[in-house]
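Reader: Could you take a close look at the surroundings of the ligand and describe them in one connected account?

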Amino acid sequence: MLKVQILGTGYDVPEGVLSNNDLEKMVQTSDDWITSRTGISYRRIAGSGTATSDLAYQASKAALVEAGIAAQELDLIIVATMTPDMPMPATACLLQHLLGANRAAAFDLNAACTGFIYALATAESFLLSNNKYHYILVVGAEVLSRVVDYKDRNTCVLFGDGAGAIVLGKGEGNNGILAAYISADGEGSGLLNIPAGGSRYPASKETLARRMHYMQMQGSEVFKFAIKSIPECVDRVLKEADLCTEDVDYIVMHQANLRILQAAAKRLNMSWEKVLVNIDQYGNISAASIPLVLAEAVDENKIKAGDLLLLVGFGAGLTMGAALVRWGR
Ligand code: UT7
């Protein structure tokens, strides 16, 4: 049966490092609080000249090389981001130009931290439903440091910058995306947002003074949502593929908080060795976190052909989603 397969992965992170000790000098916090409550030690922070498309470009080049696909062969580019270079045009169009992917259509997708799963599910539908599409580049890229309030200790200790990319194609056989599920609950949209800068509260002296262009979060509510939504999404994709958690070799979750990863593994009755983790080094990078931790594991030769991967995302919206992928092409 025809399936959508991951042909290559890539990632990029900026060189700048922000440690817990650095944050201790900026807000009232401590290394101990941050590591024990979140599992984060460091985040990467982009320099002032670096935007989301720059990180996306480096990650995409690496994914294309690994896939053995030229940029000119791409039919579509989807960039999942909530920190585009600018409100318009889409960061995907800027990336298309940087790559010289002149045949590719390009658009951005905003499903916050679930963005990569949404983009993956969207790309799968394009590839399976239309034989004009052969190769799609899916990127999760963020420069969250531009929307983080470094005066708010509730959020500033959590987030970092980076990008992860995959190239998708299609092939016959057992390998590829076995199931994908995306969902949303807009009732919780106020729990995590950037209130200003859109049509509701355009930029004004007042929005600036009230720090409304920065991310605001009710952390413990989002935490509860994450713990509830992960098993729900996992159940959906496993049922669809007629598989169970014992069949899964690696679970690749959005890296929001080490305690969320631990609680989810416990609820799913999955051993910790099966959980891919890099939150200690990078913090939460929203849409970039899943493709980045995946690309790192691929580079470390952790993932073998035939392995079953369970990808799970959750975040602002509120949004959630999962995908089940049999590795290999
Ligand atoms: O990626 C999108 C999805 N996002 C998430 O999944 C984030 C989910 N939420 C979380 O990861 C956690 O809720 C946080 C890490 C954000 C917060 O951890 P928590 O255990 O839920 O703490 P809390 O918000 O209940 O706050 C506990 C205490 C508060 O003090 P009081 O009111 O008990 O005196 C906070 O003010 O910790 C305080 N606090 C801090 N203290 C030191 C909050 N942030 C900090 C900090 N340093 N950075």
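Author: What follows describes the shell around the ligand, its contacts and its origin in the chain. This is a predicted model, in which local features need pLDDT of at least 70 and side-chain atom pairs count only at pLDDT 80 or more, while totals for chains, interfaces and linings use all residues. Residues are numbered from 1 along each chain as its sequence is written, and side-chain values use heavy atoms, with hydrogens and water left out.

There are 23 residues around the ligand, and Thr29, Arg37, His254, Asn257 and Asn284 come nearest (a residue is near if one of its heavy atoms lies within 4 Å of the molecule). By class, the shell divides into 11 nonpolar, 9 polar and 3 charged residues, where Asp, Glu, Lys and Arg count as charged, Ala, Val, Leu, Ile, Met, Phe, Trp, Tyr, Cys and Pro as nonpolar, and the others, Gly among them, as polar.

Turning to polar contacts (pairs of N or O atoms within 3.5 Å), an oxygen atom of the ligand is 2.6 Å from an N or O atom in the side chain of Asn284, and an oxygen atom of the ligand is 2.9 Å from an N or O atom in the side chain of Arg259. A nitrogen atom of the ligand, in turn, is 2.9 Å from a polar backbone atom of Arg153. Taken alone the ligand exposes 950 Å², of which the protein buries 74% (by the Shrake-Rupley method with a 1.4 Å probe).

As for helices (DSSP runs of H or I, at least four residues), those giving two or more residues to the shell are α2 (31–38), α6 (153–156), α8 (219–241) and α9 (258–267), and α8 provides the largest share, 4 residues.

Notes
Polar contact = N/O pair within 3.5 Å; in protein donor to acceptor, adjacent residues only side chain to side chain.
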